[in-house]
Amino acid sequence: MITVEDALSRVLALAAPLPRIEEVPLTEAAGRVLARPLRARRTQPPFAASAMDGYALRGDELRPGARFRVIGAARAGQRFDGRVGPGEAVRIFTGAPMPEGADRVLIQEDAATEDDGAFIRVRENPDAARHVRPAGADFAEGDVFAPRRLSARDVALLAAMNVERAPVRARPRVALIPTGDELVEPGQTPGPDQIVSSNGYGLHAMLREAGADPFLTPIARDDPASLRAALEAAAEADMIVTLGGASVGEHDLVRAALLAAGAELSFHKIAMRPGKPLMAGRLGRATALGLPGNPVSAMVCGALFAVPAARALAGDPAPAPRRLTARLAHPLPANGPRAHYARARLIDGPDGPALEIFANQDSAVLSLLAAADCLAEIPANAPAMETGTNLKYIPL
Ligand SMILES: Nc1nc2c(c(=O)[nH]1)N[C@H]1C(S)=C(S)[C@@H](COP(=O)(O)OP(=O)(O)OC[C@H]3O[C@@H](n4cnc5c(N)ncnc54)[C@H](O)[C@@H]3O)O[C@H]1N2
Ligand code: MOO
């Protein structure tokens, strides 16, 4: 069995960025991957600007009790055209261009107005800050915005750079194929030996959130013809994800169905818990992933492999899951030969965030996965660990 790390690099190698590029307005850009570098079309701020409401004046004249004559006003969108000379000040508001000659803003809380606002006098202990934002403090025209998956924060930044539309990679179409004679769709009435199919819906939600365009095929039954029909229904997808039937029993027919359809498999089975029966390869031009059927295993493999593959297809330069470190909130026994992705949550520990790993790690118990907010990554063959030991985790 190959390691999780090896499996992920093989999966990513099967998921080269899709060539299709589209231009979208900024309102549609969040979650998409920028297809090429963009440049700021603007310097921000374009001029030295006041950061506060108050009075623009010469900093070297500012001392408690000093009096200034107010010679005009500047507000956001309208500058003061003259020059600030000795003993003079300009009424100014947040975002206004600084008038020539002034290099400091006295906030209005530190100014007493005199003679109906014709003069101001500086109060005791005025604020020491300059309250001026230099031109280009944020970015300069021509600055490069490198391709990446666009966050809401990136969209705000692109808008400020005066970018109107973003060239983004197409969303990968992902076919999700639930398999199993025991499954019915949510809302249907299951027979006495049946259960409701959940994996497809969990994966659909996960992949949508990751920027893909997933769709569910009808449930494939545990026979070669039904599986073949489902794979045909998935033919147009950029990625095909089967759910269940990945293990070794007589009714686990997915591997055979993929091979019969012409797939080339890169691996089948990895040293991971849950998720041991994972398989990956290529079917035609599509990336193919076979996920295990146990509901938690399917979701964990989704987070660790299907989401990174979808991100890689979408051109995301950093598709792998983010790993962080926290201390164990309790001791942990030694691990077996498979890396364990244990359902856990972060709690407030005495020395910062701590990992509480759930006692029940049954890969069929979805309620505990839903209660988790991260997966603790316990390496294969890790020795027993004390409370406080640093452990990597993957936020969910
Ligand atoms: N003798 C062995 N048995 C098993 C092994 C093994 O190595 N040797 N591996 C176990 C592991 S680990 C896993 S994980 C499971 C995965 O098996 P399959 O991928 O073949 O999954 P199924 O048998 O189809 O289903 C397992 C379980 O999950 C339920 N299921 C399936 N699909 C869905 C769905 N869409 N929504 C909700 N629940 C689903 C299914 O009813 C079964 O209960 O194999 C172990 N066995
Ligand atoms: O590895 Mo299976 O994925 O434990 O349930």
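**Notebook: cysteines, a mixed sheet and helix α4**

I started with the cysteines, and the count of disulfides comes to zero. C301 is in no disulfide; its nearest cysteine sulfur belongs to C374 and is 17 Å away. Worth noting up front: this is a predicted model.

Then I looked from the other end. Why is C374 not bonded to C301? The closest cysteine sulfur to that of C374 is in C301, and 17 Å is too far for a bond; the cut-off I used for a disulfide is 2.5 Å.

Are these two cysteines buried or exposed? C301 counts as buried because its relative accessibility is 0%. C374, at 1% relative accessibility, counts as buried too.

Next, the sheet. I traced six strands in an open sheet and wrote down the order β16-β13-β17-β21-β20-β18, with mixed pairing. Its edges are β16 (213–216) and β18 (264–268), each of which pairs on one side only. Ignoring direction, I get an average turn of 20 degrees between neighbouring strands of this sheet.

I zoomed in on one pair. Strand β20 (residues 279–283) runs antiparallel to β21 (residues 286–291), and five bridges join them. For M279, I looked up the bridge partner in β21 and found G290.

Which helices lie across these strands? I found α1 (residues 4–13) across β18, β20 and β21, running at about 160 degrees to β18. Helix α6 (residues 295–313) lies across β17 (239–243) and β21, and runs at about 175 degrees to β21.

Last stop was helix α4 (residues 224–233). I listed its buried residues: S226, L227, A230 and L231. Why do they end up on the same side of α4? They cover an arc of only 135 degrees around the axis, so they share one side of the helix. The general background: an α-helix has 3.6 residues a turn, so residues three or four places apart point the same way.

I then turned α4 around. The face away from the buried side carries P224, R228 and E232, which are exposed.

What covers the buried residues of α4? My list includes β13 (173–178), β17, α5 (254–260) and β20. Of these, β13, β17 and β20 are names I had already written down in the sheet order.

One more check, at the start of α4: a side-chain oxygen of D223 reaches to within 3.1 Å of the backbone nitrogen of A225.

How values were computed. Residues are numbered from 1 along each chain as its sequence is written. Chains are lettered from A and ligands numbered from 1 in the order in which they are written. This is a predicted model: local features need pLDDT of at least 70, side-chain atom pairs count only at pLDDT 80 or more; totals for chains, interfaces and linings use all residues. Side-chain values use heavy atoms; hydrogens and water are left out. Two strands pair if DSSP finds at least two bridges between them. Helices (H or I, at least four residues) and strands (E, at least two) are DSSP runs, numbered from the N terminus. Axes are lines fitted to C-alpha atoms, for helices over the stretch in contact, and angles run from 0 to 180 degrees between N-to-C directions. Contact means heavy atoms within 4.5 Å. Buried means under 20% relative accessible area, exposed over 50%, partly exposed in between (1.4 Å probe, protein chains only). The arc is that of the directions from the helix axis to the C-beta atoms. A polar contact is a pair of N or O atoms within 3.5 Å; within protein, one must be able to donate a hydrogen and the other to accept it, and residues adjacent in sequence count only if both atoms are side-chain atoms.
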